[in-house]
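User: I have a structure here and a few quick things to ask. Can we go through them one at a time?
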Amino acid sequence: MTLQFFVRSPTHQTLTVTLEPTQSLTLRHLKSSLLPNPRSVSSFYFALNGKPLSDSTLVPNSQITHLSTLFLLPRISGGGGDGGATGAESRDCYLKMYADKKPDKIDPNEKRLGKWLNCALSYEPLREPCVIDKLGNIFNKEALVEALLGKKLPKEFRHIRGLKDMINIKLSMIPGKESEAADGATFQCPITGLEFNGKYKFFALRNCGHVVSAKALKEVKSSTCLVCHKEFVESDKMVINGSEEEVAAFREKMEEEKVKAGKEKKKRGIDVVDGKKDCGKLEGNEKLENGKKSSNSGVKKFRAVDVAPANATKEVYASIFTSSKKSDFKETYSCRSLPLGRN
């Protein structure tokens with residue numbers, strides 16, 4: 001049977017090739033007969049159904065069937081500095097390139113704004129009432145109380161155990177701003193007008209809770225709050241979102257207060273008499289009198305027969321009291337009945 005197939009040239013022309021049953025040839029010979037320049041034979045190759053065929057492939061064969069279409073395609077040269085593939089690339093190069101994922105760069109301004117405009121616990125926008133802890137972190141009071149009640153505080157905030165570890169603060173809102181505005185700062189210094197956005201240092205006063213900028217306290221030398229005129233001392237000033245050194249100092253101070261509170265608990269029950277401290281711990285039958293121990297071991301035990309009236313029989317008078325005479329019977333777990341003759 002005559003074999004007829006088609007060849008699509010690089011110039012998009014379709015050629016028809018017919019082979020008698022007794023004829024056979026290789027694809028290399030077929031290329032030589034189709035290309036005018038014999039030197040360009042190695043620059044082209046045949047492909048069938050998208051798969052390249054070797055030049056030594058014999059026609060006819062099981063792949064090239066009747067009415068098949070072969071494509072004569074040019075080889076893409078490379079390795080000569082023209083940007084082509086050299087075959088030297090390794091798959092490991094690409095794997096290593098993407099194996100170590102580089103962390104996304106965080107905008108420092110966004111990080112700063114997030115710390116000053118949002119609650120340190122819930123990351124929600126700050127809204128009154130607000131509180132700070134003894135390290136200067138700022139919270140929405142509602143979110144912090146809910147976390148305390150639900151025992152869901154993260155490890156970094158475990159030093160907050162109750163309301164005594166919170167300091168209520170009073171923030172001054174920027175006129176015309178809403179409490180949950182999404183753009184920019186919402187609060188400001190009530191004296192200088194500096195925005196509460198992390199660019200400037202702010203202090204919270206323990207005694208009254210007002211939040212003012214460091215610039216206001218520096219320019220106006222006063223021992224009273226610049227807002228409510230309430231007296232305060234230097235230790236009442238709490239830095240909000242302080243530096244690492246300031247937070248470390250606050251943490252050290254907090255530990256000292258904790259140790260001091262533990263010592264005060266141990267001193268409970270101590271009375272001060274004439275400027276001297278005596279332990280109020282009692283042992284046995286001892287009692288504390290004027291800060292000194294005294295023993296009542298020598299006190300005579302009360303007996304009814306010793307205080308019986310003059311005309312009364314001591315035994316009869318003593319029988320009124322249950323403790324005057326020891327019982328000669330024992331009660332059981334199931335019965336408290338009196339013995340015969342006594343009921």
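Analyst: What follows covers cysteines, one aspartate and a pocket, in a predicted model.

User: How many disulfides does the structure hold?
Analyst: Zero disulfides are present.

User: Why is Cys 119 without a bond to a cysteine?
Analyst: Because the closest cysteine sulfur, in Cys 130, lies 8.0 Å from the sulfur of Cys 119, which is too far for a bond. A disulfide would need the two sulfur atoms within 2.5 Å. Cys 130 is likewise in no disulfide, the sulfur of Cys 119 being its nearest.

User: Is Cys 119 buried or exposed? And Cys 130?
Analyst: Cys 119 is buried, at 1% relative accessible area. Cys 130 is buried too, at 2%.

User: Switching topic. Where is Asp 55?
Analyst: Asp 55 sits in the loop that runs between strand E5 (51–53) and strand E6 (58–59).

User: Buried or exposed, that Asp 55?
Analyst: Buried, with a relative accessible area of 18%. The cut-off for buried is under 20%.

User: What does Asp 55 touch?
Analyst: Leaving out residues up to four places away in sequence, Asp 55 touches Thr 26, Leu 27, Arg 28, Lys 31 and Arg 75.

User: Now pockets. What volume has the second largest pocket?
Analyst: About 500 Å³. The second largest pocket is lined by 14 residues, and those closest to its centre are Lys 134, Arg 161, Lys 164, Asp 165 and Lys 258.

User: How many residues of that lining are charged?
Analyst: Ten are charged, and the lining of the second largest pocket also has two nonpolar and two polar residues.

Definitions and conventions
Residues numbered from 1 in each chain as written. Predicted model: local features only at pLDDT ≥ 70, side-chain atom pairs only at ≥ 80, totals over all residues. Heavy atoms only, no water. Buried < 20%, exposed > 50% of the residue type's maximum accessible area, 1.4 Å probe, protein only. Helix = DSSP H or I, 4+ residues; strand = E, 2+ residues; numbered from the N terminus. Contact = heavy atoms within 4.5 Å. 1 Å grid on protein atoms, 1.4 Å probe; cavity = no way out; pocket = protein on both sides within 12 Å on 5 of 7 lines; lining within 4 Å. Points joined across faces, edges and corners; volume = space filled by probe spheres on them. Nonpolar A, V, L, I, M, F, W, Y, C, P; charged D, E, K, R; others polar.
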